[in-house]
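The paragraphs below walk through one protein model, starting from an enclosed space and moving outward to the residues around it. Keep the sequence and the structure in view while reading.

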Amino acid sequence: MENHIKIQQISKYFGENKAIDDINIDIQKGEFFTLLGPSGCGKTTLLRTLAGFYQQEEGDLYFGDKHMNNVPAHKRNIGMVFQNYAIFPHLTVFENVAYGLKARKINKTEIKVRVTEALDMVELSHLKDRQPSQLSGGQQQRVALARAIVIHPGVLLMDEPLSNLDAKLRIKMREDIRSLQKSLNITTIYVTHDQEEALAVSDRIAVMSDGKVQQIGRPHEIYLSPSNKFVANFIGTTNFLDADLKVVDSEKNATVSVEGVTLKTRLLQNAKGKAVYSVRPEQINIKETSDESSTLVDGEILDATFLGESVVYKIRFTSGTLISAHEHSIRYNMLRKAGDKVKVDLNPEEAVIFNESGEEVLNEHKNTSLKETV
């Protein structure tokens with residue numbers, strides 16, 4: 001099965017620098033798989049190693065049952081879409097898309113049929129005789145996408161393909177790419193540093209840092225059940241609070257003390273002492289000062305940012321700790337304002353508790369059940 005990709009213990013060095021470190025990923029046929037991480041994390045190096053532009057020093061790569069380590073790039077049957085489009089300025093749209101077919105010595109009749117089909121897919125048939133200089137950035141990226149799929153590749157590789165487009169066009173293009181990929185059922189590996197983009201297009205995501213894979217999972221798993229502090233911090237926004245854990249009984253029921261209140265939790269393993277309490281802004285519940293509960297934290301609104309359907313509040317606890325909390329906006333006259341006193345529910349059912357180093361999840365939480373049910 002050519003479109004099934006196995007990456008087994010692959011490492012790549014540049015001099016003494018280990019750019020990718022012992023990567024193991026199994027990508028299914030027809031899957032939209034994203035490599036996500038900050039600049040310099042190794043995601044583009046891994047993509048270029050899969051393409052055959054780089055040769056790994058360690059590990060094995062398989063496309064289906066075929067061992068690819070020594071297969072040159074031009075024989076890997078891949079389509080590639082680059083960040084800078086990489087289309088030829090002296091060729092028309094039609095000629096750019098046809099280029100890979102001519103290199104494969106496909107006859108003229110079939111070239112015309114396949115190029116027309118590819119241009120139809122990206123909605124550019126009416127511009128087939130234009131020069132690239134006459135196209136917008138989004139149109140040029142569609143040409144690059146058509147050129148990649150026209151050769152009927154077994155695997156489609158995409159390296160930050162939307163980073164040069166404006167925000168509104170990026171949203172439109174990512175929807176189009178996702179739709180096209182599903183209609184073609186083509187195994188796709190997509191590189192981006194944009195968390196929202198990754199969440200929107202991917203079947204699964206590998207979050208990378210320092211050449212290593214930190215977590216692999218479906219978008220909701222990565223966001224709601226991060227495996228370590230790096231993933232929680234990189235995907236979206238979260239609040240990290242200092243905490244102390246105490247085991248209550250043999251069933252691993254425990255208490256966590258955070259910001260002067262004691263909350264109940266259940267542990268995955270026996271643990272006690274210093275910990276990191278992570279809760280996302282939209283998981284925090286803001287209450288009125290009249291609410292009475294020993295698990296609510298006193299705070300004050302420092303700032304409110306209206307974003308249309310939601311409001312972002314910056315809140316300062318009596319300890320001086322600052323947090324961010326999001327609420328859906330209902331009516332403008334109901335918005336909280338700077339100086340308002342509030343109580344805050346830190347929502348332990350949604351929170352993730354890490355060990356002091358941030359490398360390991362210590363608690364069970366409601367979102368782990370999504371791995372099985374969504």
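Helix H5 contributes four residues to the lining of the second largest cavity, more than any other element. The model shown is a predicted one. This cavity has a volume of about 30 Å³, and its lining consists of Leu-145, Ile-149, Leu-156, Ile-177, Leu-180, Gln-181 and Leu-184. Two elements, H4 and H5, each give two or more residues to that lining. By type, the lining residues are six nonpolar, one polar and no charged.

Two of those lining residues, Leu-145 and Leu-156, lead to the largest nonpolar core. That core has 34 residues, and the members that touch the most others are Val-97, Val-115, Leu-145 and Leu-156. Two or more core residues come from each of helix H2 (93-103), helix H3 (108-121), helix H4 (137-149), strand S7 (155-159) and helix H5 (167-184). Among these, H4 is the largest contributor, with six residues. In soluble globular proteins, nonpolar side chains tend to be buried together.

Val-97 shows how the parts of this region meet. Beyond its neighbours within four places in sequence, Val-97 is in contact with Val-115, Ala-118, Leu-119, Val-143, Ala-146, Arg-147 and Val-150. A second core, separate from the one just described, has 29 residues, including Ala-254, Val-261, Leu-263 and Leu-346.

Which residues of H2 are buried? They are Val-93, Asn-96, Val-97, Ala-98, Gly-100 and Leu-101. An α-helix has 3.6 residues a turn, so residues three or four places apart point the same way. The buried residues of H2 pack against H3 and H4. Just after the end of H2, Lys-105 adopts a positive phi of about 60°.

H2 also takes part in the largest pocket, where S6, H2 and H4 each supply at least two residues of the lining. This pocket has a volume of about 460 Å³. Its lining is made of 18 residues, and those nearest its centre are Ile-78, Gly-79, Met-80, Arg-104 and Ile-151. Sorted by type, the pocket lining has twelve nonpolar, four polar and two charged residues.

Aromatic rings come next. Across the whole structure there are five aromatic pairs. One of them joins Phe-53 and Phe-82, which are stacked, with 6.5 Å from centre to centre and 15° between the planes. This pair links distant parts of the chain, 29 residues apart: Phe-53 is in the loop between helix H1 (43-51) and strand S4 (58-63), while Phe-82 is in the loop between strand S6 (78-81) and H2. Phe-53 has a relative accessible area of 38%, so it counts as partly exposed.

Another pair involves Phe-88 and Tyr-99. Their ring centres are 4.7 Å apart and their planes meet at 50°, so this pair is tilted. Here too distant parts of the chain are linked: Phe-88 belongs to the loop between S6 and H2, Tyr-99 lies in helix H2, and the two are eleven residues apart. Phe-88 is partly exposed because its relative accessible area is 26%. Tyr-99, with a relative accessible area of 44%, is likewise partly exposed.

How many cavities of 30 Å³ or more does the structure hold? There are two. The largest cavity encloses about 50 Å³ of space. Around it are Tyr-223, Leu-224, Pro-226, Ala-232, Thr-238, Ser-278, Val-279, Arg-280, Gln-283, Glu-350 and Val-352. Helix H7 (219-224) and strand S14 (273-279) are the elements that give two or more residues to this lining. The lining residues here are six nonpolar, three polar and two charged.

Phe-354 has contacts with some of the residues that line the largest cavity, including Pro-226, Ala-232 and Ser-278. Phe-354 is located in strand S20 (residues 352-355). Is Phe-354 buried or exposed? Its relative accessible area is 0%, so Phe-354 is buried. Apart from residues up to four places away in sequence, the residues that Phe-354 touches also include Ser-227, Asn-228, Lys-229, Phe-240, Ala-275, Val-276, Glu-360, Val-361 and Leu-362. Phe-354 and Ser-11 are 343 residues apart in sequence, and their C-alpha atoms are 28 Å apart in space.

Terms used:
Residues numbered from 1 in each chain as written. Predicted model: local features only at pLDDT ≥ 70, side-chain atom pairs only at ≥ 80, totals over all residues. Heavy atoms only, no water. Core = buried A, V, L, I, M, F, W, Y, C linked by side-chain atoms within 4.5 Å. Buried < 20%, exposed > 50% of the residue type's maximum accessible area, 1.4 Å probe, protein only. Contact = heavy atoms within 4.5 Å. 1 Å grid on protein atoms, 1.4 Å probe; cavity = no way out; pocket = protein on both sides within 12 Å on 5 of 7 lines; lining within 4 Å. Points joined across faces, edges and corners; volume = space filled by probe spheres on them. Nonpolar A, V, L, I, M, F, W, Y, C, P; charged D, E, K, R; others polar. Phe/Tyr/Trp six-rings, centres within 6.5 Å; stacked < 30°, edge-to-face > 60°.
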